[in-house]
Amino acid sequence: MPSSEQNEALQQAGTFDAKVFYPAEFPPDVPTIALAKFSLALLLNNDKDEAQRLFNTCRTTGFFYLDMLDHPTGRRLWRSACNLHQIGRERFRDTPIEKKMEYKTRPGVRVFDRGYLMRSAYAGQQNADLEIVNIPQSEFFGTKDDAGAGLPGWFSEEDQSDFKTAMECGNSVARGILSVLEKKLDIPRDSLASLHSLTDDSGDFVRILRYGGVPPSTVDEPEGFPPHRDAMSIAILFNWLGGLQIPSPEAEVNGYVVKDEDWRWVKPEAGYAIVNLGDAMAIFSNNLLKSQIHRVVKAPGDQRQHDRLSIIVATRPKNTCLMMPFESSIIPPNESTEVPITSLEWGYNVVSKIRQRAVARGATDLDNIVNPGNGGK
Ligand SMILES: O=C(O)CCC(=O)C(=O)O
Ligand SMILES: [Fe+2]
């Protein structure tokens, strides 16, 4: 049974069947991480204490809950996320795989900001264990010089307004967070936020993910999403079922390796987004701000058998931005002698590395298929 908070939060978003979003309870007996909660209204109203708490969290955990229901922009974003959850569920289910596969990634130049990707749990299987669709910012905003080849036809005209609203409101929330961080980093007003304008060409995107539910008895299943850090500035994530994990504060993290017992579940909170900083923020702040590693595994307990939908609104620096630390009284001096690259080149490098790691794991074609033919390991 969905809880009263879950029912109320969903009612703010529209008329939905709460059991579809919350088909089973998050189990009380798995180790979770107590992420700090922030008020969007207080952050956007320049509340000093909220700003200080946010800065502390961004320096240590790099992940936090953000209340969507206490500000009109947050409410619009929550509503579009709930709509996209429903749209994603239906369009993934109703569209033949061949049709979905026609929506390709852009060859080599972006970090998965466009296209459909799928993975089957076992070699030769046709049904998707994980499917992802990325819709780029350039379809709706930007100069359009940069536009892709249009949205896939399996989305309707009406669906487009939810993608657009999510991008618009997500960008405004992300820029609000960046403005708070600018002050705390002692860098000029608007220096960070202006690199993330909605209308400049960038690798921003909205992503819908579906992780297939599995019968409780199934043990030999691939992980949802291997450990990674986000190649973004800010990720605004919406989850209704568990599965996302980050390391405990005491955990030892070596590259992408974290001991199994050190992962902690991030419990979804109705009406809240889960926000995290990506690698771009670590670069701009010379590692003062934390781009936290995270992974996704099958949902816990009774939630495991249900499909898990996630929505991400990703904000990235504009394509021409130079990826280097700002100078300030707070940011450690930049000792690198390398010539800084642009956000576009940085994205290209990130994609190449992801490809190399995926190929090392046995994937053969990342344009559409994440990890075929090796049981997903
Ligand atoms: O599905 C999730 O909860 C997170 C997915 C994620 O981390 C990503 O797409 O970068
Ligand atoms: Fe991520």
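## Elements and model

Helices, taken as H or I runs of at least four residues, and strands, taken as E runs of at least two, are DSSP runs numbered from the N terminus. The structure described here is a predicted model.

## The iron site

Three protein residues serve as donors of the iron ion (ligand 2): His228 and His294, each through NE2, and Asp230 through OD, at distances of 2.1 to 2.2 Å. Read along the chain, the donors of this iron ion follow the spacing H-x1-D-x63-H. Of these donors, His228 and Asp230 are both buried.

## The surroundings of ligand 1

Ligand 1 is surrounded by 13 residues, the closest of which are Arg207, Tyr211, His228, Arg308 and Ser310. His228 therefore has two roles in the model, since this residue is a donor of the iron ion and is also among the residues closest to ligand 1.Three of these residues place polar side-chain atoms beside oxygen atoms of the ligand: the distance is 2.8 Å for Arg207, 2.9 Å for an N or O atom of Arg308, and 3.1 Å for an N or O atom of His228. Taken alone, ligand 1 exposes 300 Å², and the protein buries 98% of that area.

Several strands contribute to the shell around ligand 1, with at least two residues supplied by each of β5 (205-211), β6 (225-228), β7 (234-239), β13 (294-296) and β14 (308-315). Sorted by class, the shell holds six nonpolar residues, four polar ones and three charged ones.

## Two positive phi angles

Most residues other than glycine have a negative phi. Asp190, which is not a glycine, has a positive phi near 75 degrees, and this residue is found in the loop between α7 (157-185) and β5. Asp190 counts as partly exposed because its relative accessible area of 42% lies between the limits of 20% and 50%.

Asn287 likewise has a positive phi, of about 70 degrees, although this residue is not a glycine. Its place is the loop between α8 (279-284) and β13, the latter being one of the strands that supply at least two residues to the shell around ligand 1. Asn287 counts as exposed because its relative accessibility is 61%, which is over the limit of 50%.

Notes: Residues are numbered from 1 along each chain as its sequence is written. Chains are lettered from A and ligands numbered from 1 in the order in which they are written. This is a predicted model: local features need pLDDT of at least 70, side-chain atom pairs count only at pLDDT 80 or more; totals for chains, interfaces and linings use all residues. Side-chain values use heavy atoms; hydrogens and water are left out. Donors are N, O and S atoms within 2.8 Å of the metal (3.2 Å for Na, K and Ca); water is not among the atoms, so sites may look incomplete. Buried means under 20% relative accessible area, exposed over 50%, partly exposed in between (1.4 Å probe, protein chains only). A residue is near a molecule or strand if one of its heavy atoms lies within 4 Å of it. A polar contact is a pair of N or O atoms within 3.5 Å; within protein, one must be able to donate a hydrogen and the other to accept it, and residues adjacent in sequence count only if both atoms are side-chain atoms. Accessible areas come from the Shrake-Rupley method with a 1.4 Å probe; for residues, only the protein chains shown count as cover. Ala, Val, Leu, Ile, Met, Phe, Trp, Tyr, Cys and Pro count as nonpolar, Asp, Glu, Lys and Arg as charged, and the others, Gly among them, as polar.
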